[in-house]
Amino acid sequence: MSFHLYSSPSSLLHDPHPLCNLLSAHPKSTPRSFLSTYNPNSPPFHSRNLLQTSHVSLQESLPHETQIEKPKLDANPPGPTPKRYAWVNPNSPRASQLRRKSYDSRYSSLIKLAESLDACPPNEADVSYELTKFGSNLFEQDAVVTLNNMTNPETAPLVLNHLLGTLEPTREVILYNVTMKVFRKSKDLERSEKLFDEMLQRGVKPDNATFTTLISCARQCGLPKRAVEWFEKMPSFGCEPDNVTLATMIDAYGRAGNVEMALSLYDRARTEKWRIDPVTFSTLIRIYGYSGNYDGCLNIYEEMKSLGVKPNLVIYNRLLDSMGKAKRPWQATIIHKDLISNGFEPNWSTYAALIRAYGRARYGDDALVIYRQMKGKGMELTVILYNTLLSMCADIGYVDEAFEIFQDMKSSGTCDPDSWTFSSLVTVYSCCGRVSEAEAALREMREAGFEPTLFVLTSLIQCYGKAKQVDDVVRTFEQVLELGIEPDDRFCGCLLNVMTQTPKEEIGKLIGCVEKAKPKLGRVVKMLIEEESCEEGVFKKEASELIDSIGSDVNKAYLNCLIDLCVNLNKLEKACEILQLGLEYDIYSGLQSKSATQWSLHLKSLSLGAALTALHVWMNDLSEAALVSGEEFPPLLGINTGHGKHKYSDKGLAAVFESHLKELDAPFHEAPDKVGWFLTTSVAAKAWLESRRLSGEVSA
């Protein structure tokens, strides 16, 4: 009778020498067969099932090598012992004890044999000696158990060859399969594939178990493409993969880069209700994460929970990483709480994913909490994690925290600051105008062997601009040219921003820098500052050409700075012209909105000068609508400044606007239930606009 490994339960072969016989009443009886199921993918403990008897016979004799008082399974038993026979009630406790005693003894002997073969030198003589010591009563199923419990890939093939030559097994493929399992334990795909070729040369046909072992070995070796190759060979050998194998191939195809096939198999798995392991779910989350389908990641997570599959720590970490890339820190927080509530202890990868998620989203306080938890647990950070934290601090103005992190990094002894580290540090100090600290960071950067990048020099120019050190701005600009670095749009934008902070009498020093860095910008600035007389439409033409020459990521910043410069120079007409140009290019979109109940002005994304200019234009539009056209106002009018403050300033747009509206004696008041909104009624607005018109006529 034949049997199969890695497949559905089947009976073991009939063997002329059974592993053990129970007590019987008749000395002349035929050997019985043993029915069992064996799965070489199971842990070694479960391979004991191979030896477990399926029934008790009362007609079988006790072999010479098995005694009632003291079973002996050694190859060389002591002198002849007279046969003894005793009837034992199969339902009695004693029968069960005797079966277990015989089984445990046999299994223990085979385990010891496997250990001896693992430990012996990898040569035929020593392997043969160890097997000969066991005696001539080593049966085919014994050979399977022995190989299944071995771990030495050097001696396993020698054991296989010896057994194939001495046992004449009825199913050679099973011995090959369990030998391949030894190679899988040691992640040796090359030996497994070599053994497969040897099988074919000997005329042994591989079965499903052969391919599943090779596929799982390739997966464990981190070779998903090889796993796919072996999977796709199965039909040519007449093997049909079962659902378990198909489910594992979702992972293999995903890792091999064949996303379409992986997702196709997953759709089939859901329809046919295959059992999918956590590793495969982890791969699916990775697939969706790499493709940017972050909702897909969350859907997989929810499907896991609905199917009763418990996520492991790898899956939680992968989800956290995906939410970090998606810039969804709130969802990372939820997943982190799930992880804790399900009894998992966050590891280094968990904390690293959280720092990346919070750092990218600029959730400063949350990121610093995780950072301190890592330090409290003695975990080391990488340069990338330190730089993520420092970059976050630079963006949100956490100056003292950045210095603390930088000092910790230097004293860690495990990683040294790199160019990006110093860039972030210089940026932190530059954005708040700490000149001496920024210059010290730059010196330390050079001492560490790093030349300043354009990003660093841009930050330094910003620092000098905040400190009103115009000569140092010019000196740094000349340094950029000497280093052969070509100024980019952001660098030129920084120069323009510095001009908005520079006293009028010193702006001339910067015009030359702007002209050298970006001639189109230089012409527009020169027309604003030097009050050059020009034909109508020339300024708009030059400004339009400038907008066309810069990227969409900086065009709003350029226009904001140009309008701020106009406001500083008291050139409101030019400021309105630039604002109108921004509206035509759709750079400023949605500034005004109208509904049946409220007309609104939205200023959240504007600089102070641009916001004041937009307010001036809106006031004129309201006056035109109410006092000239006779248009009825809705019940409410509102100005939305937003409620945030600048990262390096204690004041936001709302605070500045509140003061400005009071200066104008405007009837707008901050709404108590809507932060960042200033509201007024239509009646109050009309009365104020009328008073402005009258005062204008009087002054005229």
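In the predicted model, helix H19 is followed by Gly433, a residue whose phi is positive, near 75°. At the opposite end of this element, Asp418 acts as the N-terminal cap of H19, with a side-chain oxygen placed 3.2 Å from the backbone nitrogen of Trp420.

Between these two features, H19 comprises 13 residues, numbered 419-431, for which a rise of 1.5 Å a residue leads to an expected span of 18 Å; the C-alpha atoms at the ends of the helix are 18 Å apart, and the two values therefore agree.

The surroundings of H19 were examined next. Of its 13 residues, 11 are buried, so the helix is largely enclosed by the rest of the structure, where burial denotes a relative accessible area under 20%. The buried set consists of Thr421, Phe422, Ser423, Ser424, Leu425, Val426, Thr427, Val428, Tyr429, Ser430 and Cys431. These buried residues pack against four helices, namely H17 (383-396), H18 (399-411), H20 (435-447) and H21 (454-466).

At the level of the whole protein, the model contains 31 helices and 5 strands, and 48% of its 700 residues count as buried. Among the contacts in the protein with a separation of 6 or more, 67% are accounted for by residues 24 or more positions apart. The accessible surface of the protein amounts to about 33700 Å², and carbon and sulfur atoms contribute 51% of that area.

Key: Residues are numbered from 1 along each chain as its sequence is written. This is a predicted model: local features need pLDDT of at least 70, side-chain atom pairs count only at pLDDT 80 or more; totals for chains, interfaces and linings use all residues. Side-chain values use heavy atoms; hydrogens and water are left out. The expected span of a helix is 1.5 Å times one less than its number of residues. Buried means under 20% relative accessible area, exposed over 50%, partly exposed in between (1.4 Å probe, protein chains only). Contact means heavy atoms within 4.5 Å. A polar contact is a pair of N or O atoms within 3.5 Å; within protein, one must be able to donate a hydrogen and the other to accept it, and residues adjacent in sequence count only if both atoms are side-chain atoms. Accessible areas come from the Shrake-Rupley method with a 1.4 Å probe; for residues, only the protein chains shown count as cover.
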